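Let's take a walk through this structure together, one part at a time. Keep the 3D view open and turn it as you read.

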Number of protein chains: 4
Amino acid sequence: MKLTCHESNSIRIWAADGKSLSRVRSLGELLAVDHTAMHEQIEREMAKPTEAPVVAPVDDGQEVWAAGVTYLRSREARMEESDTADIYDKVYDAERAEVFFKGNGWRVRGPGQGIRVRRDSGWDVPEPELAIVINAHGQIVGYTVGNDVSSRSIEGENPLYLPQAKVYDGSAALGPAIELCDVDAMRSLPITMRIERDGSTVFEGETNTSELKRTPEELAECLTREMPFPQGVILMTGTCLVPDEQFTLTQGDVVTIGVGSLELSNPVVP
Amino acid sequence: MKLTCHESNSIRIWAADGKSLSRVRSLGELLAVDHTAMHEQIEREMAKPTEAPVVAPVDDGQEVWAAGVTYLRSREARMEESDTADIYDKVYDAERAEVFFKGNGWRVRGPGQGIRVRRDSGWDVPEPELAIVINAHGQIVGYTVGNDVSSRSIEGENPLYLPQAKVYDGSAALGPAIELCDVDAMRSLPITMRIERDGSTVFEGETNTSELKRTPEELAECLTREMPFPQGVILMTGTCLVPDEQFTLTQGDVVTIGVGSLELSNPVVP
Amino acid sequence: MKLTCHESNSIRIWAADGKSLSRVRSLGELLAVDHTAMHEQIEREMAKPTEAPVVAPVDDGQEVWAAGVTYLRSREARMEESDTADIYDKVYDAERAEVFFKGNGWRVRGPGQGIRVRRDSGWDVPEPELAIVINAHGQIVGYTVGNDVSSRSIEGENPLYLPQAKVYDGSAALGPAIELCDVDAMRSLPITMRIERDGSTVFEGETNTSELKRTPEELAECLTREMPFPQGVILMTGTCLVPDEQFTLTQGDVVTIGVGSLELSNPVVP
Amino acid sequence: MKLTCHESNSIRIWAADGKSLSRVRSLGELLAVDHTAMHEQIEREMAKPTEAPVVAPVDDGQEVWAAGVTYLRSREARMEESDTADIYDKVYDAERAEVFFKGNGWRVRGPGQGIRVRRDSGWDVPEPELAIVINAHGQIVGYTVGNDVSSRSIEGENPLYLPQAKVYDGSAALGPAIELCDVDAMRSLPITMRIERDGSTVFEGETNTSELKRTPEELAECLTREMPFPQGVILMTGTCLVPDEQFTLTQGDVVTIGVGSLELSNPVVP
């Protein structure tokens, strides 16, 4: 077995028999352990490409934000749940969009990872959304699938509770990939959601980004107008695809969201 | 184009359309630059596997040592060049081997990289050697090709000048790979050297590691007996393949050394 | 001049004539530059303790959150500015507190650094607050001074615009220090605010944390109930000290907030 | 207790009540542990300046080299121990100095740390030396005390064994500080050595750097002529102060070396 070292721009990549050993940072790591352990580590590394799970396509350095009331249906959904329905109404027609913080990148769940409902909430829903990827220059460079899991009971109790309804451990999922493309390629993408429970489908629906009241550019501009994001930012663009009022997300459910050619699936965990 | 992020043991690997972007450490790097620069960086990265040159298979953390007078011929070679021939004679037959420091890993040249002769030396030679790779436990885990470029004029002037004859910028080359194998696989390997100058071969020779007076284990034990190498160490094992006395290495020469199935080639640069 | 190196827990601290050179990470840094540059660097370092400005006592790893409607006055203040006054009313009396994201640590301004008003806002105020420091275990370990700069015009337009009214570049300041103390020491601290403009005081007021409707423990529990903060979190606890309706914060103003023995002062910059 | 954060050139230094907490890299470290552990860590840190032991003033990035036969006495010492006395004689008078590798910075022992003799050696001595500190530009920027512990029996057996006599675990000590000064300040420094065994002094001697046959500049030039040291290098300059032939260094001995105003003391450990 041949161990080679390749270097490009000061990054060294060790390879065994031509296969990259991405986790091996230095020869010293391999020579610090004994002969047997070294061969085991190399074999694990050579088998790795199929092992390494896909994770959320976001880093610690990106914040995740979301927009609300961007589709007709989501305005209506909120009117049902709130005494103060007109504040949603007003946003829908106002010049200023609604954006809110959804969490830092390190909290976001990737494909197959568990999402959660709050223990102090009684009515919870997933929200399938086109999530746009914005760079430090405010340019939209791609999109991914976003699941903006939300507590409707907490949000419905008072709009001032929105951060608690929207931001908690396991409330956001992104993935499986970023589709790098022009913003025009996002204007008419199918969005689907399927929720499975105990082997059967308990919700299934479809919409299209062409139903968006605001353009991705407009939402990106609203978010970045007064705040720099030196490592970029992810912005979920809202939804109109929500289950009926009697539905609430339950532990064990599996939520699968499709946007364009991407599909993100997450189980609900305790 | 799809950008995914894979994670294994906390190491995140970004990939575009399935090809690893090894130099991209985070999404933030891609989102910090503008749209065009991002696509250029991704394309460079995707093309990289064939671009990244093979470098010396050694890290900053390893010292490189060498052994001397381990073949009959090298004893004779040194007797010619030294007034004090008997000190080489004595080492050949002594219980204690001769080992000396050859340089730290970061100074070593890899395949195709330039080697050098000292400007204050008049008689210089490459030395083709089996270089054994020893781990922190003193175990021999593989070998590579070593070129122990030396100033015979400086060494010949006085044995106390050995460090100056052996250790200087461009005096050591290793590569192209580490052949991971049992020490028994090193006992009878052909060693060849060819030196080309202006298109013609000015030296060609061959020997075999079976001619070694001392075993690799014995040399490794001598080196590690009183000194720990927590990240391992490389030990060149000496040579008996040296050009005639009238030969001296010259800028522009290309030295190609083969050990077993490995071949290392280096030009001599100013 | 004597250069020594001290080591504790693998951290090496270089010192010259007994004064710590905190920025000098290694001898190599000093030896890489020439003789004159080395002496200049050492002299800068030795003079540093008085040079190094105090910055916001928060790291990239902490999020900063804030609570609202925690004092009687702030409930009233918001009733004036909103059509939907009752949602503030309801929070004041509800079991669930209102908490919202205020920004990540790296965005926060420290003592003397500029705070900002949004360019798309017409009515802006500083909010002087007790900011509690909560560790990963949910324990309150100290406090600092917080300035929760806010756009009243944007918040007043619609409660759903709260994140835009509260989170933007230059909207948060913390400092100058964290007073490490028991939570009981925070129950009756004077909070003062003074705003100077063109050399005269345009606002001056005082309140006390004893006026808080909710305890720090209650607010901390609300924030950490469903979300872990592995590196801790800072929570501003709301205010009741706001200038009159005709006041708006203007470029050049200097806002000085005192909480207990701490005082934080920031100019308003463009 | 007040915790402040100071920043200079992007380095953040946390301080409690004005005392630097040099090991505390971030607030996150303090907030990740519980209240009690946090206070214990801060208290340890505040007490640290007196705790942190002085270590060898050298980093991993510097190599340590040494020169030989630079004083009349050392030439004589070696003549006694070697059959091939004339090779030492010749170096003393030759144009080219003798320099040899003594070890990498991370192997070097600091004040109070144990030095060693090889288990396979029967005759061992400390060598008290002026150690000059050379920067990447070849400039001499200061000096420290060096102890070049050596096996005279191994070196005496054969000059080719010099690396084994000179380079092994515990063979080099440096410290306690680097005296930054002009090279002229090194030309006439007293060098003293005292060896204590079981409470009494078994060797005591003194010499002066004015006895050096070669200048520090000449030795530095010889070392750096054909080899760059991008992080600088330490060069021990040889000795003429050696105990009598019947003396050999023994476990438990304490060796104290003075050069100029610096004094380095090390026990001999197993």
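## A helix and its neighbours in chain C

What do the buried residues of H8(C) pack against? Their partners are five strands of chain C: E5 (63–68), E6 (98–104), E8 (128–134), E9 (140–148) and E14 (233–236). Keep in mind that this is a predicted model.

The helix itself, H8 of chain C, covers residues 216–224. Its buried residues are Pro216(C), Leu219(C), Ala220(C), Cys222(C), Leu223(C) and Thr224(C). Here's a handy bit of background for looking at any α-helix: with 3.6 residues a turn, residues three or four places apart point the same way. Try picking out Leu219(C) and Leu223(C), both on the buried list, and see where they point.

## Chain A as a whole

Now switch to chain A, which has eight helices and 16 strands. Its C-alpha atoms fill a box of roughly 70 × 45 × 30 Å along the principal axes. Chain A has 270 residues, and 54% of them count as buried.

The chain also brings together parts that sit far apart in the sequence. Take the contacts in chain A between residues at least 6 apart in sequence: 72% of these join residues at least 24 apart.

How is chain A divided into domains? The domain assignment gives domain 1, residues 3–51, and domain 2, residues 63–267. The centres of these two domains of chain A, taken over C-alpha atoms, are 40 Å apart.

## Where chain B touches chain A

Next, look at where chains A and B meet: 47 residues of chain B are in contact with 47 residues of chain A. Several elements of chain B give two or more residues to this side, including strands E1 (2–8) and E2 (11–16) and helices H1 (27–32) and H2 (35–46). Which element gives the largest share? That's E1(B), with seven residues.

What kinds of residues are on the side of chain B that touches chain A? By class, there are 22 nonpolar, 17 polar and eight charged residues.

## Chains C and D as a pair

Finally, compare chains C and D. A turn of 180° with a shift of 0.0 Å along the axis lays chain D on chain C, with an RMSD of 0.1 Å. The two copies are therefore related as by a two-fold rotation axis.

Which residue of chain D comes closest to the rotation axis? Look for Ser22(D), whose C-alpha is 3.9 Å from the axis. As for the interface residues of chain D, 100% are also interface residues in chain C, so the copies meet through the same surface.

Technical notes:
Residues are numbered from 1 along each chain as its sequence is written. Chains are lettered from A and ligands numbered from 1 in the order in which they are written. This is a predicted model: local features need pLDDT of at least 70, side-chain atom pairs count only at pLDDT 80 or more; totals for chains, interfaces and linings use all residues. Helices (H or I, at least four residues) and strands (E, at least two) are DSSP runs, numbered from the N terminus. A residue is buried if 20 or more other C-beta atoms lie within 10 Å of its own, exposed if 12 or fewer, and partly exposed in between; C-beta atoms are placed from the backbone. Two residues are in contact if their C-beta atoms, placed from the backbone, lie within 7 Å. Ala, Val, Leu, Ile, Met, Phe, Trp, Tyr, Cys and Pro count as nonpolar, Asp, Glu, Lys and Arg as charged, and the others, Gly among them, as polar. Domain bounds come from an automatic or database domain assignment. Copies are superposed by least squares on the C-alpha atoms of residues with pLDDT of at least 70 in both.
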